[in-house]
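Open your viewer, switch to a cartoon view, and keep the selection box handy. We will go from stop to stop, and at each one I will tell you what to pick and what is there.

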Amino acid sequence: MSKDDKYIYFSYYDGRNASIFRVDSSGLNLNCIVSAKNDTSFYNPYLSNDNKKIVFIGYANRSNKSSIYVANIDGSSVQRLTDGNEMIREAFHSEYNNEIIYCKATEEKKYSPVGSSGAHGFDIFSLNLESMKTKKMSTLNAYQLGYITEFNKDSLLVYSYTNESGMFLFAKNNPDSLQRIEAKSESNELPNFYYQPLYSKTYQSYVFSNGYGLRVMDKSKTVRKTYDVPSPFIDCFCLYNTKARIFFTIEGDRCFYSINFDGTNLKKIEVQLPERKKQ
């Protein structure tokens, strides 16, 4: 969401490539602002805190290799910032200094005879936009790591899975620190089964998915159900900036949705997305 909640920025895969789009929060005036190239698709747009830049990931087609890109808020002046030979999954501009924080894997490996190979060995890095030097912030070598956001000036909120899964705080000045955030009132069936954690500084609330639904946890660590999906899964979501509300998508559904933190006022937002192309 833009800082005033008037625009939604998202990536859309048309069956061949993914591009970055912008649409009014009402679902009108859809525009492709960064078009896919013949050999590169673009995903995971994040807006800078000053609302002037977009940071996103460019994947080489049919490859796990990717690069960090940046562009103006209207999609102009696209620049590639990294060399394209890494497995970078997400990146965003820090609120507190002129650097990009990102998550990168070091290996592609298959851990199960029936599963497919995937990226593993994740750590957190930063890219200084003045010196263009990179710094390794963590020494976690996590099996899975992602959904990284800044909790405050000194800490990051992350999803991690190595020996246990859930959401954690990572201290920027301690490369192997992970402090687990545990709820007081989660179910016995799936205790602390958290994905995609986000934190609202304004409302002092954690918002996360447990796969099939959305949950909100207040500062007392009490979890409340916001919404459960009748079928498939919550695909992705983000927070509005001017109200206690969540914007989300559902796997396999071409519409957008939004709902208040307390589960009221569910709205469906229809968007005239481009038709899918045949492979």
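Start by selecting Ser 200 and Ser 205: Ser 200 stands opposite Ser 205, which belongs to strand E17. The model you are looking at is predicted. Now widen the selection to strand E17, residues 205–209, together with strand E16; these two run antiparallel and are joined by four bridges.

**The sheet around this pair**

Next, add the strands that follow. Which order do the four strands of this open sheet take? They run E16-E17-E18-E19, with antiparallel pairing. The edges are strand E16 (195–200) and strand E19 (223–228), each of which pairs on one side only. If you look along the sheet, neighbouring strands are turned against each other by 20 degrees on average, direction ignored. As a general reminder while you have the backbone on screen, strands of a sheet pair through backbone hydrogen bonds, either parallel or antiparallel.

**Strand E22 and Ile 259**

Stay in this part of the numbering and select residues 256–260, which are strand E22, and pick out Ile 259 within it. Is Ile 259 buried or exposed? Its relative accessibility is 1%, so Ile 259 counts as buried, given that the cut-off for buried is under 20%. Show the residues in contact with Ile 259, leaving aside its neighbours within four places in sequence: Thr 226, Tyr 227, Arg 245, Ile 246, Phe 248, Thr 264, Asn 265 and Leu 266. For a sense of scale, draw a distance from the C-alpha of Ile 259 to that of Leu 156: these residues are 103 apart along the chain, and their C-alpha atoms are separated by 26 Å.

**The hairpin of E10 and E11**

Now move to residues 118–128, strand E10. Ten of its eleven residues are buried, so strand E10 is largely enclosed by the rest of the structure. Add residues 134–136, strand E11, which pairs with E10 in the antiparallel sense over three bridges. To see how the two line up, select Leu 127 in one and Thr 134 in the other: Leu 127 stands opposite Thr 134 of E11. The hairpin has five residues between its strands, and Met 132 takes a positive phi near 60 degrees there.

Two residues of this hairpin deserve a closer look. Begin with His 120, found in strand E10. His 120 has a relative accessible area of 7%, which means that this residue is buried. Show its side chain and look for Tyr 143: the side chain of His 120 reaches the backbone oxygen of Tyr 143 at 3.0 Å.

Then select Lys 135, found in strand E11. Lys 135 counts as exposed because its relative accessibility is 54%, and exposed means over 50%. Which residues does Lys 135 touch, leaving aside its neighbours within four places in sequence? Lys 135 is in contact with Ile 124, Phe 125 and Ser 126. With Phe 125, the C-alpha to C-alpha distance is 5.5 Å, while the two residues are ten apart in sequence.

**Two more positive phi values**

Open a Ramachandran panel if your viewer has one, and select Asp 5. Its phi is near 65 degrees, a positive value in a residue other than glycine. Asp 5 sits in the segment before strand E1 (7–13), and at 6% relative accessibility Asp 5 counts as buried.

Now go to Asn 51, another residue other than glycine with a positive phi, near 65 degrees. Asn 51 lies in the loop between strand E4 (40–47) and strand E5 (53–60). With a relative accessible area of 24%, Asn 51 is partly exposed.

**Zoom out**

Finally, clear the selection and show the whole chain. How many helices and strands are there? The chain has zero helices and 23 strands. Its C-alpha trace spans about 50 × 45 × 45 Å along the principal axes. The radius of gyration is 18 Å, which agrees with the value near 19 Å that a compact globule of 279 residues would have.

Colour by accessibility next: buried residues make up 49% of the 279 residues. The chain exposes about 14,300 Å², and carbon and sulfur atoms supply 44% of that area. If you have a contact map, look away from the diagonal: of the contacts with a separation of 6 or more, 35% are between residues 24 or more positions apart.

Key:
Residues numbered from 1 in each chain as written. Predicted model: local features only at pLDDT ≥ 70, side-chain atom pairs only at ≥ 80, totals over all residues. Heavy atoms only, no water. Pairing = 2+ DSSP bridges. Axes fitted to C-alpha atoms, helices over the stretch in contact; angles between N-to-C directions. Buried < 20%, exposed > 50% of the residue type's maximum accessible area, 1.4 Å probe, protein only. Contact = heavy atoms within 4.5 Å. Polar contact = N/O pair within 3.5 Å; in protein donor to acceptor, adjacent residues only side chain to side chain. Rg over C-alpha atoms; globule rule 2.2 N^0.38 Å. Areas by Shrake-Rupley, 256 points an atom, 1.4 Å probe, with all protein chains shown as cover.
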